[in-house]
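Here is a protein chain to explore, one piece at a time. Have the picture open while you read.

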Amino acid sequence: MPLARRRLLVISASATALGILRGVDAAVPAPVEIWKLRGCGCCTLWARHLEEEGFATREREVRDLAPIRAALGVPEPLAGCHSARLDELVIEGHVPASAIHRLLAARPSWVRGLAVPGMPEGSPGMPSSKPERYDVVAFGTDGRVERFLTFVGDRPV
């Protein structure tokens, strides 16, 4: 399937999930508020990835992410490269936009956020000729953590 057609299908599916194409009075998600370390290029690339997939972003540079993660409720073992918030959802690390769209469509009640611990090669914002396989995990306020999706690079497997 050509890339332009695939992107149109993804955008259409996401819009449908949000109720936009069904005529439902669905609010457009707020911008993804991103906290990153000063001068971090991969975080900026991740923000561009989100924008290419229909999200608005707002980047904030900080000296230390630990207090941000603590305030957002990110479990320490799930720490990634940057932290973000989309409405009441927390996004930690290089989470692909398609995983965020899927979470927004499903909205499991227990999920507080999604995380990609570390900095997997080939994940959005981490270009690589040899992308790694990695999990996007969902986490809840009760300590529950589950694999949400598995990716190689920016593609689900």
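## The sheet

Before we look at who faces whom, a quick bit of vocabulary: two strands count as paired if DSSP finds at least two bridges between them. Keep in mind, too, that this is a predicted model.

So which residue stands opposite Val-137 in S6? That would be Ala-115. The two strands involved here are S5 (residues 113–116) and S6 (residues 133–139), which run antiparallel to each other and pair over three bridges.

Zooming out, there are eight strands in an open sheet with mixed pairing, and you can read them off in the order S2-S1-S3-S4-S5-S6-S7-S8. At the edges sit S2 (57–62) and S8 (155–156), each with pairing on one side only.

## Helices on the sheet

Helix H2 (residues 41–52) packs on this sheet, where it touches S1 (32–37), S2, S3 (83–86) and S4 (89–93). Compare directions, and H2 makes about 170 degrees with S2.

Helix H4 (residues 97–106) packs on the sheet as well, touching S3, S4, S5, S6 and S7 (145–152). The angle between the directions of H4 and S7 is about 140 degrees.

## Inside the protein

In soluble globular proteins, nonpolar side chains tend to be buried together. Here, the largest nonpolar core has 25 residues, and the ones touching the most other members are Phe-55, Val-95, Ile-100, Leu-114 and Val-136. At least two residues each come from S1, H2, S3, S4, H4, S5, S6 and S7. H4 gives the largest share, five residues.

Take Val-136 as an example: among the residues it touches further along the chain are Val-95, Ala-99, Leu-114, Phe-148 and Phe-151. Apart from the largest core lies another one of eleven residues, including Leu-65, Leu-78, Val-137 and Phe-139.

## A pair of rings

How many aromatic pairs are there? The count comes to one. The ring centres of Tyr-134 and Phe-151 are 5.9 Å apart and their planes are at 15 degrees, so the pair is stacked. The cut-off behind that word is planes under 30 degrees apart.

Tyr-134 belongs to S6 and Phe-151 to S7, 17 residues apart, so to speak a link between distant parts of the chain. Are these two buried or exposed? Both are buried.

## How sure is the model?

Across the protein chain, pLDDT averages 86, and 82% of the residues score at least 70. Residues 3–26 are another story: there pLDDT stays under 50, and the model has 19 contacts beyond four places in sequence for that stretch.

Note on methods. Residues are numbered from 1 along each chain as its sequence is written. This is a predicted model: local features need pLDDT of at least 70, side-chain atom pairs count only at pLDDT 80 or more; totals for chains, interfaces and linings use all residues. Side-chain values use heavy atoms; hydrogens and water are left out. Helices (H or I, at least four residues) and strands (E, at least two) are DSSP runs, numbered from the N terminus. Contact means heavy atoms within 4.5 Å. Axes are lines fitted to C-alpha atoms, for helices over the stretch in contact, and angles run from 0 to 180 degrees between N-to-C directions. pLDDT is the predictor's confidence in each residue, from 0 to 100. A nonpolar core is a set of buried Ala, Val, Leu, Ile, Met, Phe, Trp, Tyr and Cys residues joined through side-chain atoms within 4.5 Å. Buried means under 20% relative accessible area, exposed over 50%, partly exposed in between (1.4 Å probe, protein chains only). Rings of Phe, Tyr and Trp (its six-membered ring) pair if their centres lie within 6.5 Å; planes under 30 degrees apart count as stacked, over 60 as edge-to-face and the rest as tilted.
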